[in-house]
Amino acid sequence: MTTHSPDATRKVAELMKGQRFGFLTTTMPDGRLTSRPMALQEVEFDGDLWFFAEHDAPWLTHIAASPQVNVGIGSGGTWVSLTGTARVVDDVAKKKELWNSGVEAWLPQGPEDPSVLLVKVDGDTAEYWDNPGNRLATALSFVKAKATGSQPDTGEKDVVDL
């Protein structure tokens with residue numbers, strides 16, 4: 001079942017709040033999937049994600065050839081898998097808006113340099129798993145399931161149209 005509502009999108013935003021990194025998965029020219037860790041830019045989540053990249057990053061050619069991507073985000077008992085369409089954006093004003101000291105550590109040339117680009121992922125759907133306990137609670141749920149022969153309690157799960 002897929003949910004489409006402002007509340008469902010807010011739930012995804014809540015789960016992603018405070019997450020610093022995600023894995024951006026693209027399709028290589030030969031059809032294989034490849035992922036790389038990327039820093040999430042802190043913006044109010046509305047279904048879109050933003051990343052900084054350098055102009056000569058080889059994986060940008062993947063987006064040009066096949067813009068469908070996946071971004072996996074999570075830690076502990078909370079996981080979000082977002083699918084969407086990526087595109088390269090060269091907008092100095094947007095780069096300045098999103099610029100921060102973490103980005104500057106990786107891209108010291110600054111937001112006005114033409115070698116610095118943005119990648120915008122327009123989210124289509126997000127699937128999430130939310131087990132409100134910590135890692136220990138999640139592990140105990142798996143141990144209990146194994147001992148009782150039942151399914152582990154993986155918490156709340158939904159697929160959301162963005």
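Which residue in S3 does Thr27 stand opposite?

1. The residue opposite Thr27 is Leu33 in S3, and this pairing is a convenient place to enter the structure, which is a predicted model. Strand S2, covering residues 21-27, runs antiparallel to strand S3, covering residues 33-39, with seven bridges between them. Another of the pairings between these strands sets Phe23 against Pro37 in S3. The two strands form a hairpin with five residues between them, and within that turn Gly31 has a positive phi of about 95°.

2. S2 also pairs with strand S5, residues 68-75, in the antiparallel sense, here over three bridges. In this second pairing Thr25 has Asn70 of S5 as its bridge partner.

3. Thr25 deserves a paragraph of its own. This residue of strand S2 has a relative accessibility of 17% and is counted as buried, because the cut-off for that class is under 20%. Once residues up to four places away in sequence are set aside, Thr25 touches Leu33, Thr34 and Ser35, and also Val69 and Asn70. With Ser35 the contact includes a polar one between the two side chains, at 2.5 Å.

4. As for the overall architecture, the protein consists of five helices and eight strands, and their order from the N terminus is β-α-β-β-β-α-β-β-α-α-β-α-β. The protein has 162 residues, of which 40% count as buried. Where contacts between residues at least 6 apart in sequence are considered, 68% of them join residues that are at least 24 apart. The accessible surface amounts to about 9400 Å², and carbon and sulfur atoms account for 56% of that area.

5. Helix H1, residues 6-16, contains a series of buried residues, namely Ala8, Thr9, Lys11, Val12, Ala13, Leu15 and Met16. After H1 comes Gly18, which has a positive phi near 85°. Val12 of this helix can be followed further into the fold, since, apart from residues up to four places away in sequence, Val12 touches Phe45, Val80, Ala126, Tyr128 and Val160.

6. The largest nonpolar core has 28 residues, and those touching the most other members are Val12, Leu49, Phe51, Trp59, Leu60, Val119 and Val121. Two or more residues of this core come from each of H1, S4, helix H2 (60-65), S5, strand S6 (78-89) and strand S7 (116-130). There is also a second core, separate from this one and made of nine residues, among them Phe52, Val103, Val116 and Leu118.

7. Which aromatic rings pair in this model? A search of the whole structure returns one aromatic pair, formed by Phe52 and Trp99 in an edge-to-face arrangement, with 5.4 Å from centre to centre and 85° between the planes. Phe52 belongs to strand S4 (residues 48-54), while Trp99 sits in the loop between helix H3 (92-98) and helix H4 (101-106), so the pair ties together parts of the chain that lie 47 residues apart in sequence. Phe52, at 10% relative accessibility, is counted as buried.

8. Asp48, also a residue of strand S4, is buried as well, its relative accessible area being 16%. Leaving out neighbours within four places in sequence, the residues in contact with Asp48 are Lys120, Val121, Asp122 and Gly123. For Asp48 and Gly123, the C-alpha atoms are 5.2 Å apart in space, although the two residues are 75 apart in sequence.

9. A further acidic residue, Asp90, is placed in the loop between S6 and H3. Its contacts, again without the neighbours within four places in sequence, are Lys95, Val116 and Leu117. The side chain of Asp90 makes a polar contact of 3.2 Å with the side chain of Lys95, whereas Asp90 and Leu117, which are 27 residues apart in sequence, have a C-alpha to C-alpha distance of 5.3 Å.

Definitions and conventions: Residues are numbered from 1 along each chain as its sequence is written. This is a predicted model: local features need pLDDT of at least 70, side-chain atom pairs count only at pLDDT 80 or more; totals for chains, interfaces and linings use all residues. Side-chain values use heavy atoms; hydrogens and water are left out. Two strands pair if DSSP finds at least two bridges between them. Helices (H or I, at least four residues) and strands (E, at least two) are DSSP runs, numbered from the N terminus. Rings of Phe, Tyr and Trp (its six-membered ring) pair if their centres lie within 6.5 Å; planes under 30 degrees apart count as stacked, over 60 as edge-to-face and the rest as tilted. Buried means under 20% relative accessible area, exposed over 50%, partly exposed in between (1.4 Å probe, protein chains only). Contact means heavy atoms within 4.5 Å. Accessible areas come from the Shrake-Rupley method with a 1.4 Å probe; for residues, only the protein chains shown count as cover. A polar contact is a pair of N or O atoms within 3.5 Å; within protein, one must be able to donate a hydrogen and the other to accept it, and residues adjacent in sequence count only if both atoms are side-chain atoms. A nonpolar core is a set of buried Ala, Val, Leu, Ile, Met, Phe, Trp, Tyr and Cys residues joined through side-chain atoms within 4.5 Å.
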